Amino acid sequence: MVDILHRIGVEKASPAEVYEALTTVDGLAAWWTDQTTGDPEVGGTLEFRFVPGGFDMEVIELEPAKRVRWQVADGPPEWVGTHVTFDLSQVDGYTIVLFAHEGWAEPGEFMHHCSTKWASYLLSLKALVETGTGAPAPHDVMISDWH
């Protein structure tokens with residue numbers, strides 16, 4: 001198994017502010033995809049839709065201002081059964097977001113694409129919390145035919 005790992009620092013924002021952007025439909029729609037629906041509570045399912053398709057994430061763990069964890073329930077075969085985790089901590093004037101998309105079977109070309117897209121969306125999350133404006137799909141940078 002292989003994983004996608006990223007780290008960002010969100011300046012002048014508390015872990016609680018970042019957590020809100022990760023655990024509400026409005027927050028998620030403001031940085032990842034504006035076509036976000038579903039139940040953001042533990043046991044609920046969030047639906048994220050993009051131009052070429054989408055993903056359904058089961059919310060499996062929420063620890064306020066510390067951790068968000070999802071399991072991919074539906075989407076591309078490479079994603080189904082993988083886990084997405086956001087771990088939050090406070091360091092000086094930053095909220096540190098440690099991101100992991102874990103459990104990929106192999107590091108294929110689609111995984112490389114997804115790693116780049118996750119990085120761009122994490123920067124969108126950072127922008128949203130710092131400035132009030134993110135760059136969710138379809139307003140994000142298109143990098144390939146997978147978008």
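**Sheet, helices and loops of the predicted model**

Strands β3 and β4 are joined by a hairpin through two residues. In this predicted model, the two strands of that hairpin run antiparallel and are paired over six bridges. Within this pairing, Phe-50 stands opposite Gly-53 of β4. Strand β4, residues 53–63, is in turn paired with β5, residues 67–74, in the antiparallel sense over seven bridges. Met-57 is placed opposite Val-72 in β5.

These strands belong to an open sheet of seven strands with antiparallel pairing, in the order β1-β7-β6-β5-β4-β3-β2. The edges are formed by β1 (2–11) and β2 (35–38), each of which pairs on one side only. From one strand to the next, the twist averages 20°. Strands of a sheet pair through backbone hydrogen bonds, in either a parallel or an antiparallel manner.

At the β2 edge, β2 is joined to β3 by four bridges, and the two strands run antiparallel. Two residue pairs illustrate the register: Thr-37 has Glu-47 in β3 as its bridge partner, and Gln-35 stands opposite Arg-49 in β3. The strands β2 and β3 form a hairpin with six residues between them. In the turn of this hairpin, Gly-43 adopts a positive phi of about 90°.

The side chains along β3 alternate between the two faces. Leu-46, Phe-48 and Phe-50 point to one face and are buried, whereas Thr-45, Glu-47 and Arg-49 point to the other and are not buried. Glu-47 and Arg-49, which belong to the latter set, are also the residues that face Thr-37 and Gln-35, respectively.

Two helices are placed against the sheet. Helix α1, residues 15–23, lies across β1, β4, β5, β6 (83–91) and β7 (94–104), and its direction is at about 160° to that of β6. Helix α3, residues 109–131, packs on the sheet and touches β1, β3 (45–50), β6 and β7. The direction of α3 makes about 15° with that of β1.

The two helices also pack on each other. Two packed helices are described by the angle between their axes and the distance between the axes. For α1 and α3, the angle is about 125° and the axes are 10 Å apart. The helices are therefore oblique to each other, and their crossing is right-handed. On the α1 side, the contact involves Glu-17, Val-18, Ala-21 and Leu-22, which meet Leu-125, Leu-128 and Val-129 in α3. By class, this contact has six nonpolar residues, no polar residues and one charged residue.

The segment leading into β2 contains residues of contrasting accessibility. Asp-26 lies in helix α2 and, at 67% relative accessibility, counts as exposed because the cut-off for that class is over 50%. Asp-26 and Thr-36 are 10 residues apart in sequence, and their C-alpha atoms are 7.9 Å apart in space. Thr-33 is located in the loop between α2 (25–31) and β2. With a relative accessibility of 1%, Thr-33 counts as buried, since burial requires a value under 20%. Not counting residues up to four places away in sequence, Thr-33 touches Leu-28, Phe-48, Arg-49, Phe-50, Pro-136 and Ala-137. Among these contacts, Phe-48 and Phe-50 point to the buried face of β3, while Arg-49 points to the other.

Backbone geometry in two further loops was also examined. Most residues other than glycine have a negative phi. Lys-12 has a positive phi of about 55° although it is not a glycine. The position of Lys-12 is in the loop between β1 and α1, and its relative accessibility of 74% places it in the exposed class. Asp-92 is likewise not a glycine and has a positive phi of about 55°. Asp-92 occurs in the loop between β6 and β7, where, at 74% relative accessibility, it counts as exposed.

Technical notes: Residues numbered from 1 in each chain as written. Predicted model: local features only at pLDDT ≥ 70, side-chain atom pairs only at ≥ 80, totals over all residues. Heavy atoms only, no water. Pairing = 2+ DSSP bridges. Axes fitted to C-alpha atoms, helices over the stretch in contact; angles between N-to-C directions. Contact = heavy atoms within 4.5 Å. Buried < 20%, exposed > 50% of the residue type's maximum accessible area, 1.4 Å probe, protein only. Parallel < 35°, antiparallel > 145°, perpendicular 65-115°, else oblique. Left-handed = near helix turned anticlockwise from the far one by under 90°. Nonpolar A, V, L, I, M, F, W, Y, C, P; charged D, E, K, R; others polar.
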